[in-house]
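User: Hi! Could you walk me through this structure? I'm new to this, so plain words please.

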Amino acid sequence: MVYDEGLAERIRERLGADPAVTEKRMFGGVAFLYEGNMAVGVTGDDLMVRVGPDDTDAALARPGARAFDMTGRPMRGWVVVDGAAVAGDDALGAWLEEGRAFAASLPPK
């Protein structure tokens, strides 16, 4: 699967200076990990965000968000945000911070 390299580059620009952030190809796209825990990723034209199980419903209520479902079984704690919904820097930044904050709440790997 081809992923939106432009979106990935925008994420790199925002997260790349943080030494705790690493990049890894996975899910047919690219993932950004914080201290070894996945925070966000790009799959196709969309942004994957790890929000945590307690914040899934609130995240799904936001514009462009839908359940993350690669296998026919939605994964609680994850959402996919339509690429058009993160076209603006503020919207992208808010989602990136949410994913980074949840990943930072987990023990480092």
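**Contacts, cores and salt bridges**

Analyst: Happy to! Let's start with Ile-11: leaving aside residues up to four places away in sequence, Ile-11 touches Gly-16, Phe-32, Val-40, Val-42, Leu-47, Leu-92 and Leu-96. Contact here means heavy atoms within 4.5 Å. This is a predicted model, where local features need pLDDT of at least 70 and side-chain atom pairs count only at pLDDT 80 or more, while totals for chains, interfaces and linings use all residues. Residues are numbered from 1 along each chain as its sequence is written, and side-chain values use heavy atoms, leaving out hydrogens and water.

User: Cool. Which residues touch the most other members in the largest nonpolar core?

Analyst: Those are Ile-11, Val-40, Leu-47, Val-49 and Trp-95, out of 25 residues in that core. A nonpolar core is a set of buried Ala, Val, Leu, Ile, Met, Phe, Trp, Tyr and Cys residues joined through side-chain atoms within 4.5 Å. Buried means under 20% relative accessible area, exposed means over 50%, and partly exposed is in between (1.4 Å probe, protein chains only).

User: Which elements give two or more residues to this core?

Analyst: They are α1 (5–15), β2 (29–34), β3 (37–43), β4 (46–50), β6 (78–81) and α3 (89–104). Helices (H or I, at least four residues) and strands (E, at least two) are DSSP runs, numbered from the N terminus. Another core, of seven residues, lies apart from this one, and its members include Ala-31, Met-48, Phe-68 and Trp-78.

User: New topic: how many salt bridges does a search of the whole structure find?

Analyst: Eight. A salt bridge is a side-chain nitrogen of Lys or Arg within 4 Å of a carboxyl oxygen of Asp or Glu. One example joins the side chains of Arg-12 and Glu-23, at 2.8 Å from N to O. Arg-12 is in helix α1 and Glu-23 in strand β1 (residues 21–26), so this pair links distant parts of the chain, eleven residues apart.

User: Arg-66 and Asp-46 form one too, right? Why does that pair tie together parts that are apart in sequence?

Analyst: Their closest N and O atoms are 2.7 Å apart. Arg-66 lies in strand β5 (residues 65–67) and Asp-46 in strand β4, so the pair ties together parts that are 20 residues apart in sequence.

User: And is Asp-46 buried or exposed?

Analyst: Asp-46 is buried, at 13% relative accessible area, whereas Arg-66 is partly exposed, at 38%.

User: What about Arg-76 and Asp-57?

Analyst: Their side chains meet in a salt bridge too, at 3.3 Å from N to O. Asp-57 is exposed, with a relative accessible area of 51%.
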